[in-house]
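Me: Could you take a close look at one part of this model for me? I'd like to hear how a pair of packed helices sits in its chain, and what surrounds the pair.

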Amino acid sequence: MFAFLFALFKSDERKANEEFEREAVPHMDALYNFAIKMTGDSDDASDLLQETYLKAFRFWDKFEKGTNCKAWLFRIMRNTYINTYRKNTKEPDKIDYEEVENFYENIKPSSTDSAHLEKDIYDNLLDDELSSAISSLPEDFRTVVILCDIEGYSYEEIADFVDVPVGTVRSRLHRARKMLFTKLYKYADDKGYVSKEKNK
Amino acid sequence: MIEFRKDMITALVDNEINDPMVKQDVLSRIESDTSLAIDYKAQLLIKNLVKEKVEWKKTPDKVKAKVFKKINSNAKVNTSTSILSDLFERPAFSFATAFVVILALVLILLNRPEPTVEKDFAVEQFGDDNMFIQAKNNFNSIIEGKLAPQMTSENSGEIVKFFDDNGVKYSTSVPEKKNWKLLGAVVSEDKGEKFAHHVYVSKDGKLAYLFQVDESYLNNREIIKLSDDLIKYLDDGNCYTSKSEKSITLFTKIQNNICAIVSNADQKEVEKTFCSL
């Protein structure tokens, strides 16, 4: 009887481990990339990834089988990130949207064939420069850009990850890309790519 | 006439407009309005730049190894079955020895106290400005019909907008829950600050009231309080439940908001629904 009980314990444990390995582990690269972009540092990203998987493993019994495991893991990582990295930032996020909008309108070109809107002038930008522009976005905006433009998730999936309505995802993406446009334009202008293109 | 939302341009860029009429409307506006056409090109440019230029990194092997090591060490702490299996595998131990050891362990397991070693944080909560006390009082007022929602809606987006429009300064989250319907919301005011509350109803008519507060308010303790132990417990990713005669009070964190959920539904159902990570 005891051998049977022991075998039962062991088989349950093994089954859970196998499930975890099958369902959660394959998403590690996606989570690592998200962690890198959120923290902007490979050591912090490594710590965040370890914490996320440890929590996921501990709470594996709370994961509803058949639901989106990747979304569940992203939620754990995002919450861990907020709890760990936001502890010192106690004030709620406040963004002056009007200021962002005004700045964008000021640098926005006056016609659609303007060099400002050509991909060529940004082609010399490095991955690091683009990554640093993304990292400088406020957290809520950075998250949607990473999930949509890098990870390729739909609005509905992102809404599920971050617990906001789809309309909020859309509006954050709209604003995030406007902010990125202003930042990347400034990078390209500082490096002289814009003026070179204008003189062509 | 309904005002055109510029973020529909973003939805077009991301191919997220399913209704062909809406899509056509957005396209027509872009064709006829240069400013919108520029916005469209700018959004498309940024999307393509990010997509093409940001490098996708594979998890380095040493990081993967660290993750597995951490999980394995946790698994070893949490279970003794691997040690038990070793007993059977080592030839130095006879089956009889292993049997005696297992018998002893099983007896210990069978006689151990209930695993409810979780600290009872409820006893630390007192005072009118305590979030735990306020949540319970508010729930009782709802049940007694003394507190009604200021707005009713089943739509989480509308409730979030209601919070924003009525002066709640922090980001709020109104998750939609399976088997529960949103009922409505209330914005309360305390010392000039606004706080967000909303209510769910289950299929069998039970209520769940959710009161969410940005952690910063609880840390500076000027308007609303909660014991430090409970805040730390929630910060560590835990969920705390306290059962009283007529209701369940549950504390958890959604993003950087501490949430109190009070409900007259079954404890397991409340925990399953609201204790999410």
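Reply: Here is a walk through one helix pair, then the core, then the other chain. Keep in mind that this is a predicted model.

Let's start with the pair itself, α2 and α7 of chain A. Helix α2(A) covers residues 28-39 and helix α7(A) covers residues 139-150. Two packed helices are described by the angle between their axes and the distance between the axes. Here the angle is about 145 degrees, and the axes of α2(A) and α7(A) are 10 Å apart. As for the hand, α2(A) and α7(A) make a right-handed crossing.

Which residues do the touching? From α2(A) come A:Asn33, A:Phe34, A:Lys37 and A:Met38, and they meet A:Arg142, A:Ile146 and A:Ile150 from α7(A). Sorted by class, that contact holds four nonpolar residues, two charged ones and one polar one.

Now zoom out to the chain around the pair. Chain A has ten helices and zero strands, so to speak an unbroken run of α from one end of its pattern to the other. Of its 200 residues, 36% are buried. Take the contacts in chain A between residues at least 6 apart in sequence: 71% of them join residues at least 24 apart.On to the core. The largest nonpolar core has 58 residues, and the members that touch the most others are A:Ala35, A:Leu49, A:Leu73, A:Met77, A:Val144, A:Val145 and A:Ile158. The biggest giver to this core is helix α9 of chain A (residues 166-190), with nine residues. A:Val144 is a good place to stop and look around: leaving aside residues up to four places away in sequence, A:Val144 touches A:Ile158, A:Val169, A:Arg172, A:Leu173 and A:Ala176. There is also a second, separate core of 43 residues, with B:Ile142, B:Tyr170, B:Leu210 and B:Tyr240 among its members.

That brings us to chain B. Where the two chains meet, 59 residues of chain B are in contact with 59 residues of chain A. On the chain B side, the elements that give two or more residues include α1 (7-13), α4 (61-78), α6 (95-111) and β6 (248-254). The largest share on that side, 14 residues, comes from α3(B), which spans residues 34-53. By class, the chain B side that touches chain A splits into 22 nonpolar, 18 polar and 19 charged residues.

Terms used: Residues numbered from 1 in each chain as written. Chains lettered and ligands numbered in written order. Predicted model: local features only at pLDDT ≥ 70, side-chain atom pairs only at ≥ 80, totals over all residues. Helix = DSSP H or I, 4+ residues; strand = E, 2+ residues; numbered from the N terminus. Buried ≥ 20, exposed ≤ 12 C-beta atoms within 10 Å, placed from the backbone. Contact = placed C-beta atoms within 7 Å. Core = buried A, V, L, I, M, F, W, Y, C linked by C-beta atoms within 7 Å. Axes fitted to C-alpha atoms, helices over the stretch in contact; angles between N-to-C directions. Left-handed = near helix turned anticlockwise from the far one by under 90°. Nonpolar A, V, L, I, M, F, W, Y, C, P; charged D, E, K, R; others polar.
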